[in-house]
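Reader: Could you take me through one part of this model at close range? I would like to look at a single site first and then see what lies elsewhere in the chain.

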Amino acid sequence: MTTSSLTLDEIYALAHEALLNAGANAEHADAVADVVTRAERDGSHSHGLFRIPGYVASLRSGKVKGDADPTLSKRSPVVLHCDGDLGYAPLAHRRSLTALAEAAKENGLATLSLTRTHHFAALWPETETLGQYGLVAMACVSYMPSVAPYGASQALYGTNPFSFAWPRAGGTPLVFDMATASMAMGDVQIAARDGHKVPPGTGLNADGAPTTDPKEIIKGVLLPFGGYKGSHIAMMIELLAGPLVGETASYASKSRDSGDGGPPQGGEFILAMNPDMLSGADWQAESEAFLARLDALEGVRLPAERRYANRQNTGPREINAELLAKIRATLSPG
Ligand code: NDP
Ligand code: PYC
């Protein structure tokens, strides 16, 4: 694989320019480019620059509004809603997460439902932000059918990620962020691009037969992680990020999607909880003692440790040259 070195500033500048060029206004271009740059910084490669061609395609097709004006409202002191106005999710997050954190701090817990947004990023930026406010957080989104429910060979669920954050004493939060598919579609696409096989159990080909060829899985379906148990978590996310927040499940999101290569319109469910108010005991001492035991076990590493370690490196990142050429081509007229 041929790569080129880009500094984090250059990654931000390229993403920003591509988004502005495709019709995003300055606020959206900044919010999306920031999330893309943080993904590259942390080594979340399938949700960094890799996503820019899709972001650009959906701005160009007009499916996603580059000047969307996300609006936050309070349905009760603890039920917050943000109408994304058909824009990309990062600006809706910027306009909502502080209010969600304040509501959870004051009342013990609060929810944020996002509707009419297009989410094409990792989820950890949302949960990690809430963790930094000292809150326990959960977030999930659905997508478009790409995962067969357990027992089926036809897609109904999205790759449906779920993220969780837990605040740590004097440090970065404990965070996990994972697709409920055996593998995120972005990683399957990267494996296909780079000519790698994927592990057995990742997906089925178009005839419903197991395969380790990512190109065949793209034509077929992914499987949920963890058999029927993971399948039920994917189902839960369809319901939480769809009907519960006033949006659609993945199958219906796809039915109104233009197929331009970018993310469909959909919803997101975010829950924030204030452990100081819920616990009534020394939750932090108890959780730190537990996490110390976990971390001390041979073979265990805590989730987000890899990202946080990558974050310490402020130097350039190696970016796939084919991807860079594709992004730069979007900047040329015609
Ligand atoms: P991974 O399988 O790479 O990782 C899942 C979680 O497990 C991460 O928190 C990771 O931490 C942790 N982890 C990974 N390996 C280990 C290990 N050996 N020991 C302990 N913990 C480990 O993530 P996915 O491929 O499932 O998802 C990738 C991204 O795709 C996510 O950010 C997700 O939000 C995004 N996504 C977005 C979608 C959308 O619709 N917007 C749809 C689907 C996925 P660490 O990061 O530190 O490695
Ligand atoms: O990697 O599965 C994925 C994905 C879908 C939407 C954004 N990322």
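Author: Happily; what follows starts at the ligand and then moves on to a loop residue, the cores and a small sheet.

Please keep in mind that this is a predicted model. Around ligand 1 there are 21 residues, and the closest are A121, D177, A179, R301 and R306. Two of the polar approaches come from the backbone. At A121, a backbone N or O atom lies 2.8 Å from a nitrogen atom of the ligand, while at L123 a backbone N or O atom lies 3.1 Å from one of the ligand's oxygen atoms. R306 uses its side chain instead: an N or O atom there is 2.6 Å from an oxygen atom of ligand 1. On its own, ligand 1 has 910 Å² of accessible area, and the protein covers 72% of that.

Now to the loop residue, D260, which you will find between α9 (250-255) and β11 (266-273). With a relative accessible area of 19%, D260 counts as buried, because the cut-off for that word is under 20%. Its side chain makes a polar contact with the side chain of K63 at 2.8 Å, and it also reaches the backbone nitrogen of G262 at 2.9 Å. Setting aside residues up to four places away in sequence, D260 touches A57, S58, S61 and K63.

Next, the nonpolar interior. In soluble globular proteins, nonpolar side chains tend to be buried together. Here the largest nonpolar core has 31 residues, and L19, L49, I52 and Y55 have the most contacts inside it. Two or more residues each come from α1 (8-21), α2 (26-42), α3 (52-61) and α13 (321-329). Of these, α1 gives the most, with six residues. L49 is a good place to zoom in: beyond its neighbours within four places in sequence, it is in contact with I11, A15, V36, E40, I319, L323, L324 and I327. A second core, separate from that one, has 26 residues, among them L112, A122, L130 and A304.

Last comes the sheet. It is open and has three strands in the order β9-β8-β10, with antiparallel pairing. The edges are β9 (210-211) and β10 (221-222); each has a single partner strand, so one side of each has no neighbour in the sheet. Between β8 (residues 203-204) and β10, the antiparallel pairing runs over two bridges, and G203 stands opposite L222 in β10.

How values were computed:
Residues are numbered from 1 along each chain as its sequence is written. Chains are lettered from A and ligands numbered from 1 in the order in which they are written. This is a predicted model: local features need pLDDT of at least 70, side-chain atom pairs count only at pLDDT 80 or more; totals for chains, interfaces and linings use all residues. Side-chain values use heavy atoms; hydrogens and water are left out. A nonpolar core is a set of buried Ala, Val, Leu, Ile, Met, Phe, Trp, Tyr and Cys residues joined through side-chain atoms within 4.5 Å. Buried means under 20% relative accessible area, exposed over 50%, partly exposed in between (1.4 Å probe, protein chains only). Helices (H or I, at least four residues) and strands (E, at least two) are DSSP runs, numbered from the N terminus. Contact means heavy atoms within 4.5 Å. Two strands pair if DSSP finds at least two bridges between them. A residue is near a molecule or strand if one of its heavy atoms lies within 4 Å of it. A polar contact is a pair of N or O atoms within 3.5 Å; within protein, one must be able to donate a hydrogen and the other to accept it, and residues adjacent in sequence count only if both atoms are side-chain atoms. Accessible areas come from the Shrake-Rupley method with a 1.4 Å probe; for residues, only the protein chains shown count as cover.
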